Amino acid sequence: MASAFRLRLLPLVTIAAMTLFGACVTTVTYQTVVDVQPTNDLPNPYQSIAPWGNLPEGRKWGALNGVAIDNDGESVWVADRCSANPDIPAGASPFQYDSCAGSSLPPVLKFDSSGNLLKSFGAGMFIFPHKMYVDRDGNVWVVDMRGANERELKKNPEAGGKGHTVVKFSPEGKVLLTLGRAGVAGNPPDALTEPCSVVVAANGDIFITEGHSGQGEKATPDTVARISRFTKDGRFIRSFGRWGSGPVEFRTPHDIAMDSQGRLFVADRGNMRIQILDQDGAFIAEWKQFGRPSGMTLRNDKIYVADSESNGVAPHPGWKRGIRIGSLKDGKVLYRIPDPLEMKGTSAAEGVAVDAKGNLYGGEVGPRQLVKHIRGGR
């Protein structure tokens, strides 16, 4: 009787095992989307609070595009540029003048979901905090995009030994790893050049995008535009990519993210596209339906893309700024949170993060503020 029962059970077990195996190996096949009309007229199911986050008394937001969600799914990490910088020459763009040079303020901040400040650290360590990332172990990565400029060095000579680095912190603020040579632009393994963003794979390998100047008018074919890969302990593996507009070429790889299968999504801002690559740098697809991407994050089969430049500081005819949200499976754009010309009180984010409830947080460089976008209402 027992043998007969086992024989009847065997086909069911086999079918279940095959089904489970099939589910495990199924992957999304990403297709290139380049012939698109502007994705502007889309629903906006979010209510926005701007500014959001309770700073200590007397402190103002500096420019910020480094935003990430803690592994608890609700706390918010932010890296800002040490409050607004008052020393902006008349007629100059304020973006490059917001920095932490000479500041004693901690640029790395953690807030709870109600906007209360929980902790802060990193004072005196950075010049130009750019993107940030929280890995699977809860460690906080901060990218210091550039070194001190001539004006900053004249005022604060000690700022010369900072910048062009990626720093890994424990959740408590202890430095665990530093990649790049502080204050020096160069090539791996010894140095980094204008690191923009970082992401960490399941096996601990580290991917850093480099080359913030690629979309500039003075950029040339020898302008740095690449992704550099390191082991989890910081050993250099290889770099791939170059300046240009073809496959695995970049004009400012401004942000990077990774899907559940380990594929890389690169916000190739100057080329107005997202490139999808494998971890060895092989081209998979490109998406142009999300505008001019400055920031990007993936969560629960959705992709969230911050477009801070279309119809603004850089040309992209017909496109409007804002945060575009789409399906990660087929790339279809579903929603757009508008920019300040269309929705009073907020502006186009350059950094974006989404919590476990689907609420968005936008880090804004222009008006220098953090904004919370609540799905479905307050």
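Select strands β12 and β13 to begin: the two pair in the antiparallel sense, and four bridges join them. The model on screen is predicted. Within this pairing, pick out I227; its bridge partner in β13 is F240.

**The four-stranded sheet**

Widen the selection to the strands around this pair. An open sheet of four strands appears, in the order β10-β11-β12-β13, and its pairing is antiparallel. Colour β10 (195-200) and β13 (236-240) separately: these strands stand at the edges, each with a single partner strand, so one side of each is left without a neighbour in the sheet. Viewed across the strands, the sheet has a twist that averages 20° from one strand to the next.

**A salt bridge between β11 and β12**

Now display the side chains of R226 and E210. These residues form a salt bridge, with the closest N and O atoms 3.0 Å apart. The pair links distant parts of the chain, since R226 belongs to strand β12 (residues 226-230) and E210 to strand β11 (residues 206-210), a separation of 16 residues. Are R226 and E210 buried or exposed? Both residues are buried.

**The hairpin of β22 and β23**

Move next to β22 and β23. The strands run antiparallel and are joined by five bridges. Select I325 and look across to β23, where Y335 stands opposite. The two strands form a hairpin with five residues between them. In the turn, select G331, which has a positive phi of about 80°. Then show the surroundings of strand β23 (residues 333-338): five of its six residues are buried, so the strand is largely enclosed by the rest of the structure.

**Two further buried pairs**

Stay with β22 and display R324 together with D307. A salt bridge connects D307 and R324, and their closest N and O atoms are 3.1 Å apart. This pair, too, links distant parts of the chain: D307 lies in strand β21 (residues 302-307) and R324 in strand β22 (residues 322-327), 17 residues apart. D307 counts as buried because its relative accessibility is 0%. R324 counts as buried because its relative accessibility is also 0%. From here, select R269, R292, E309 and E350 as a group; salt bridges that share partners join these residues into one network.

The next selection is R273 with D268. These side chains form a salt bridge whose closest N and O atoms are 2.7 Å apart. R273 has 3% relative accessibility and therefore counts as buried. D268 has 0% relative accessibility and therefore counts as buried. For the overall tally, a search of the whole structure finds 18 salt bridges.

**A buried arginine without a salt bridge**

Finish at R81, in the loop between β3 (76-80) and β4 (108-111). Which side chain of opposite charge is nearest to R81? Draw a distance to E350: this nearest side chain of opposite charge is 5.1 Å away, and R81 is buried yet has no salt bridge. E350 was also selected above, as one of the residues in the salt-bridge network. Now select P129 and show its backbone: the backbone oxygen of P129 lies 2.9 Å from a polar atom of the R81 side chain.

How values were computed: Residues numbered from 1 in each chain as written. Predicted model: local features only at pLDDT ≥ 70, side-chain atom pairs only at ≥ 80, totals over all residues. Heavy atoms only, no water. Buried < 20%, exposed > 50% of the residue type's maximum accessible area, 1.4 Å probe, protein only. Lys, Arg positive; Asp, Glu negative; His and termini not counted. Salt bridge = Lys/Arg side-chain N within 4 Å of Asp/Glu carboxyl O. Polar contact = N/O pair within 3.5 Å; in protein donor to acceptor, adjacent residues only side chain to side chain. Pairing = 2+ DSSP bridges. Axes fitted to C-alpha atoms, helices over the stretch in contact; angles between N-to-C directions.
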